[in-house]
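Hi,

Here is the structure I promised to pass on to you. Have a look at it first, and then read on for what turned up.

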Amino acid sequence: MKNNHFFSALLVALGAASYGILTTFVKLAYAEGYNTYEVTFSQMLLGFLALLVINFFYKGKKQTKPVTKASSKNIIHLALAGTSLGFTSIFYYLAVQYVSVSIGIVLLMQSVWMGVVFNVIKSKERPTLLKILAVVLILTGTFLATNVFFDEFTISPLGVLFGLLAALSYTVTIYTSNTVAKHLPAITRSKWMMLGGFIIVALLAIPYLNENFNWNVFTKWGPILALFGTILPPLLMTQGMPKLNVGLGVIITSIELPVAVIAAYFILNEEVNLYQWLGILFILTAIVVMNLRKLQQ
């Protein structure tokens, strides 16, 4: 049981870490002149196509036990649940048009307490004092790690709204990864959830595809963005999240921020000050303490 918890927590952490690494590559793509629609559309399309290919070979491989097929109802539910993947990207990118990236990340990380509230509503159990302390540590660490206290910024009500909607969408993604069609293989669930996310992004991006759309993004940045943004995260989270509760799941996903800061430090040569390292330490401490407690039970 302890090993199952550790392995599930590790999978979720790796999925969230993939999102953290993604941030650095998105910055590099933007630096070369690619825009939000090019980045998001290529990421979603290539990710969905890759999951189709992976599913094809998975079905063709000899299985030790029969693989449960997805019913039409399962597919619809998973696609609807997957729309949260698309909405998270859309709302976050809209948010950072009105507020700084640092503020945008702080708003996105509000998914931590939202996930705990979701879990309280679902399980009808009060959060433990340790879980509340972990949330406080993570949010404090988020403010420190994003250097918000030392940056000049302006607050836009519209930016705050989009940022909170992104956090809510991210929480829904974690919740649905934990609950929808859990009897199906993770790879099948990921494919249909990604279809829902791709449809949402495509509907918004299509009007811009004929307006100076740089198709080189599909060969330059698309594959790596798809790998870390739309292939690894859903595969890992749909495998790991069903064995964790939502509240603990979102606490683990907060590792995304430390990974993003560390990746920017090593790959983009961005300066990271003492307060940011302290914030990273707060977040990692909260994650470790919550999971050590689970392993000791």
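One cut-off to start with: two helices count as roughly antiparallel when the angle between them is over 145 degrees. Please also keep in mind that this is a predicted model.

With that in hand, take helix α5 (residues 111-123) and helix α11 (residues 246-253), which pack at an angle of about 170 degrees. The two are therefore roughly antiparallel to each other, and their axes lie 7 Å apart. On the α5 side, the contact is made by Ser111, Val112, Gly115, Val116, Phe118 and Asn119; α11 contributes Val246, Gly247, Val250 and Ile251. Sorted by class, this contact of α5 with α11 has 6 nonpolar and 4 polar residues, and no charged ones.

Next comes helix α6 (residues 129-145), with 17 residues. From its first C-alpha to its last, α6 reaches 24 Å, close to the 24 Å expected at 1.5 Å a residue. Its buried residues are Lys131, Ala134, Val135, Ile138, Leu139, Gly141, Thr142, Leu144 and Ala145, so you will find a lysine listed there if you click through them. After α6 comes asparagine 147, which has a positive phi, near 65 degrees.

Finally, a single residue to look at: threonine 24, found in helix α1 (residues 2-31). Is threonine 24 buried or exposed? Threonine 24 is buried, with a relative accessible area of 1%. Leaving aside residues up to four places away in sequence, threonine 24 touches Ala260, Ala263, Ala264, Ile267 and Leu268.

Happy exploring!

Conventions
Residues numbered from 1 in each chain as written. Predicted model: local features only at pLDDT ≥ 70, side-chain atom pairs only at ≥ 80, totals over all residues. Heavy atoms only, no water. Axes fitted to C-alpha atoms, helices over the stretch in contact; angles between N-to-C directions. Helix = DSSP H or I, 4+ residues; strand = E, 2+ residues; numbered from the N terminus. Parallel < 35°, antiparallel > 145°, perpendicular 65-115°, else oblique. Contact = heavy atoms within 4.5 Å. Nonpolar A, V, L, I, M, F, W, Y, C, P; charged D, E, K, R; others polar. Expected span 1.5 Å × (residues − 1). Buried < 20%, exposed > 50% of the residue type's maximum accessible area, 1.4 Å probe, protein only.
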